[in-house]
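Hi,

Here is the structure I promised to pass on. Have a look at it first, and then read my notes underneath.

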Amino acid sequence: MNERSPHLPYAAAGFSDTPAQAAPPSDFFYSSGDPRYGAIARRVTLLERDNRTLLSTLNGLQQRLRDLEDHLHAQEISRRQTTPPPSAANDHLSIAREYLTCVEQHVHPFAREATIKLGGQLRHEPLHRRIAKLTAALFGATTPTPRTVLDAAGLPPHHTLATTAAQLCEKANGLRQRAKDTGMPFAFDFEYVHGAPLDETWQKPWASCEADLPIQFVVAPAYLVAERVYAQQLVHTGVTYLA
């Protein structure tokens, strides 16, 4: 007689109506008490944070590099556009020579004569300061007139030197107009740093001053065209003393 195997319950046969429990999440290791997994997880988190920081820094540096390249490109275009053509450059060289001639052979003698008329002494510094006031009146921001030139020289209106003052104005205004007619940006530059050493690239001492002494004031401005030096700035150097 065949014996039937006893009937086993469903669960006992290795099956269950309840699904098997899923694998625990990685956070399980934090609560498992094993410090190795916690240390690894923290290290991964720190590396990810550092990576995000480095990527952000890299993006910022790349943007700065692009901005710098754009700026340099714009400067190069501007430089090419403002470089004087050969004809204009020759005109400005001629203007620069005549400007220096005007200062040295006309303004300087006028300042000496004005000093004598006023009863002053022809000491270097006071004379140079009078020349500086005259060049500021002739080549400064405002258009010179005989009255402003006489004022700069310390002379009263209608002085006997008024005719010479008018001639100086005519020379200065003529140089200004010729420079303007070239169509290039130009300037008479009076900027300087008191007490600084001479910058030989665009400054030189007045004839009676020493080049190795510090700058005290500008006697005559530099003549610049598109930021290029066509005539150097003439400066008084030395230790200042009271007149």
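Below is what I found, starting with the cysteines and then moving on to a helix and some backbone angles.

Keep in mind that this is a predicted model. If you were wondering about disulfides, the structure holds 0 of them. Why is Cys102 not bonded to Cys169? The closest cysteine sulfur to that of Cys102 is the one in Cys169, and at 10.0 Å it is too far for a bond, given that a disulfide needs the two sulfurs within 2.5 Å. Cys169 is likewise in no disulfide. Cys102 counts as buried, with 3% relative accessibility, and Cys169 is buried too, at 4%.

Next, helix α5, which covers residues 146-153. Its buried residues are Val149, Leu150, Ala152 and Ala153. Looking down the axis of α5, you'll see these buried residues fall within an arc of 160 degrees, so they line one face of the helix. That fits the general pattern: an α-helix has 3.6 residues a turn, so residues three or four places apart point the same way. Right after α5 comes Gly154, with a positive phi near 80 degrees.

Two residues that are not glycine also have a positive phi: His158, at about 60 degrees, and Ala226, near 50 degrees. His158 sits in the loop between α5 and α6 (162-181), while Ala226 is in the loop between β4 (222-225) and β5 (228-231). Are they buried or exposed? His158 counts as exposed, at 80% relative accessibility, whereas Ala226 counts as buried, at 16%.

Cheers

Definitions and conventions: Residues are numbered from 1 along each chain as its sequence is written. This is a predicted model: local features need pLDDT of at least 70, side-chain atom pairs count only at pLDDT 80 or more; totals for chains, interfaces and linings use all residues. Side-chain values use heavy atoms; hydrogens and water are left out. Buried means under 20% relative accessible area, exposed over 50%, partly exposed in between (1.4 Å probe, protein chains only). Helices (H or I, at least four residues) and strands (E, at least two) are DSSP runs, numbered from the N terminus. The arc is that of the directions from the helix axis to the C-beta atoms.
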